[in-house]
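User: I should like to learn how features of a folded chain are read from a model. May we work through one case together?

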Amino acid sequence: MSETIKLDIDHKNHIGTITLNDPNHLNSLSFEDFIQIGEYLNKLNLDNDLYITVLQSSGNRIFSSGGKFESVMELKNIDNTNQMNRIRQYIGNVSTPTIHMLNTFSSHNKPIICNLNGPAIGLSACLVLLCDLINVHLPIGSEEQGEERKPYLLFPFSSLGFVAEAGSSIMLYNKLSINIANEHLIFSLPIRYNQMKNFGMIWKEYHYRDDYENKIDKNNDLDATDQFNKRCKNDIIKNIIENDLNPEAITEMKRRMIYKMKQRLKKAITEEIINTLPLWLSDEPISRFEQLSNKQRRHKL
Amino acid sequence: MPAIKPKSKISFSINYPFFIIKLNNPQTLNSMSYDDFLYITRLLEIAENDNKIYFTVLQGSGTFFSSGADFNTISNNPSGDDSYELRLWLEQFLSKNQYITSAFINHSKILIACLNGSAIGLSAAIVLLCDMVYAMDTKSETNFLQFPFAKLGLSCEGATSITLPTKIGWNKSFSKLVFGEKLYFHELLNTVIVKDYSMGMDPLNVDTFNNQIIRDLKEKIKPLYLPACLQMKTVLRASNDTVNTLMLANSNEVHGALQFWRNGEPQRRFALLRDKKISAKRNKIDKSKL
């Protein structure tokens, strides 16, 4: 069985990398994937030879489409007649993995760099918000073809029938602005690349290289993102060496900067979960996920 | 709740899921007395208690959204009796101002301001308490928010001590609050103002602008589960501790400013403005006679 989440530990260059590795399913995440990401983050955090953590994806189309339909649909099979059972199932399947994963992000003592190779939706967009730096890959022709072709973040919670999750209720206020966050969360509208850039969310832009065209099979999209990830990694290594960064300073700095945010995230996750639970129990999200998987409902992109 | 009497200066209409409040007195640039603001709080209550309402929309008319306090309603007759003055301004300023601000802070429906033009003072503060703001035109230099509190002998009002720094940044807030500088719409684009309709500044277009926003909102909410929208506001407020933070600021602001009213400073300054306006009018008439 191939791994849907891959871990790479590079002691020589002091970089730990987590890769979303299910491009055939748009890198969507099951509840198990969630727990797995959390476990890997914990592992990297405890490894003192690592200074930097990278979260990246695979395939050329999308960073990640969010929660896996199949995982959500499993919730449908819960015995509806037993209310206690339903509540327990939701808390167990939806709430707890999110808390676990969010805690591993907020207690991570190394900068987390996200290599955004394409759009991130829902829970995965929340993960991008939890990262400290974002590198972005801009596709060929996107300068001419406009914002729609560039990576974006979409939080389609109000259209799926529930509320902000995984810390996004505070991270969007922090990283964008209050009114802009309200507009995009309440109306489920995509946050376009120029907006992320205006608010200083983007660290480095990588354009598709012309020489990709010659060297790689155009139909094999996987290679483009692999190349992007490699270029990002090389730049990080170069950066650490050139600037002669002190690893202890890096982790200490991260600890100081996340200190207050950590407490705020803990409060936010509680509020998110207690406010989303009644909506999940109403069955509205399940039926909307179902429509989405039957293509009766589309996210407005 | 007793039925609400209609008022010509401020109208309201229900177009589910929208509750629309319209400032409808362009002759006075939609200046507002405390009674007018209190009337709006009663409209907010109607919206609050109607569970088919999800959005409360504030609209202006004419060239201004609202020019703020109607200073004709503030008298300048110091009694010289401090215990009387204390009682008077607790009633006339502190309780009313705090109540009006808290009505907006606590409103659970999604609050939307449609800015056809400038807003000043408490009205501008209310714009900042809205969840999102759409503007008719952000390029014109005539469109701004202004907080001339220091000039009027007042302090921060309407929770601006919190909303301004969190929405436009700390240093900028000082120049806008302490020096009462105009905060032009183009400075607010992509922070407070989420969309510029770029429709120019013709007051005849205001209704087109207001109607276009309602049409756009109807389009935007089509794919949404509306109860999740309201729950979203609940979560955002809870996670960010918004209501408690603003309520505390609101209380501190009015208690801090009460002494100014007791000493009569804002009243004197409002009277001065009134006189200036009258003499300006007289000059105009005198000149026209010549």
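User: How far apart should the ends of helix α2 of chain B be, given its 24 residues?

Analyst: A helix span is judged by taking 1.5 Å a residue. In this predicted model, helix α2 of chain B covers residues 82–105, so its 24 residues should span 34 Å. The end C-alpha atoms are 32 Å apart, which agrees.

User: Where is the kink in α2(B) centred?

Analyst: The bend of about 40° is centred on Leu90(B).

User: Which residues of α2(B) are buried, and what do they pack against?

Analyst: Burial is read from how many other C-beta atoms surround a residue, with 20 or more within 10 Å as the cut-off. In α2(B), the buried set comprises Trp89(B), Phe93(B), Asn97(B), Ile100(B), Thr101(B), Ala103(B), Phe104(B) and Ile105(B). Their packing partners in chain B are α1 (34–49), β7 (110–115), α3 (122–129) and α9 (242–263).

User: Which residues touch the most other members of the largest nonpolar core?

Analyst: That core has 161 residues, and those touching the most other members are Val128(A), Ile112(B), Leu115(B), Val127(B), Val133(B) and Met232(B). For Ile112(B), leaving aside residues up to four places away in sequence, the contacts are Phe55(B), Val57(B), Leu58(B), Cys130(B), Asp131(B) and Met132(B).

User: What radius of gyration does chain B have, set against a compact globule?

Analyst: One compares the value with that expected from chain length. A compact globule of 290 residues would have a radius of gyration near 19 Å, and chain B has 19 Å, which agrees. Along the principal axes, the C-alpha atoms of chain B fill a box of roughly 60 × 50 × 45 Å. Chain B contains 10 helices and 12 strands, and 44% of its 290 residues are buried. Among its contacts with a separation of 6 or more, 80% join residues 24 or more positions apart.

User: How many residues does each chain give to the contact between chains A and B?

Analyst: Chain B gives 25 residues and chain A gives 31 residues. On the side of chain B, β9 (132–135), α4 (160–168) and α8 (226–239) each give two or more residues. The most come from α8(B), with 10 residues. By type, the side of chain B that touches chain A divides into 14 nonpolar, 7 polar and 4 charged residues.

User: Is helix α7 of chain A mostly covered or mostly open, and what covers its buried residues?

Analyst: Helix α7 (residues 168–175) of chain A is mostly covered, with 6 of its 8 residues buried. These are Ser168(A), Ser169(A), Ile170(A), Met171(A), Leu172(A) and Tyr173(A). Their cover includes α4 (123–130), α8 (178–186) and α12 (247–281) of chain A, together with α8 of chain B.

Definitions and conventions:
Residues are numbered from 1 along each chain as its sequence is written. Chains are lettered from A and ligands numbered from 1 in the order in which they are written. This is a predicted model: local features need pLDDT of at least 70, side-chain atom pairs count only at pLDDT 80 or more; totals for chains, interfaces and linings use all residues. Two residues are in contact if their C-beta atoms, placed from the backbone, lie within 7 Å. Helices (H or I, at least four residues) and strands (E, at least two) are DSSP runs, numbered from the N terminus. Ala, Val, Leu, Ile, Met, Phe, Trp, Tyr, Cys and Pro count as nonpolar, Asp, Glu, Lys and Arg as charged, and the others, Gly among them, as polar. The expected span of a helix is 1.5 Å times one less than its number of residues. The bend at a residue is the angle between axes fitted to the seven residues ending there and the seven starting there. A residue is buried if 20 or more other C-beta atoms lie within 10 Å of its own, exposed if 12 or fewer, and partly exposed in between; C-beta atoms are placed from the backbone. A nonpolar core is a set of buried Ala, Val, Leu, Ile, Met, Phe, Trp, Tyr and Cys residues joined through C-beta atoms within 7 Å. The radius of gyration is taken over C-alpha atoms; the globule rule is 2.2 Å times the number of residues to the power 0.38.
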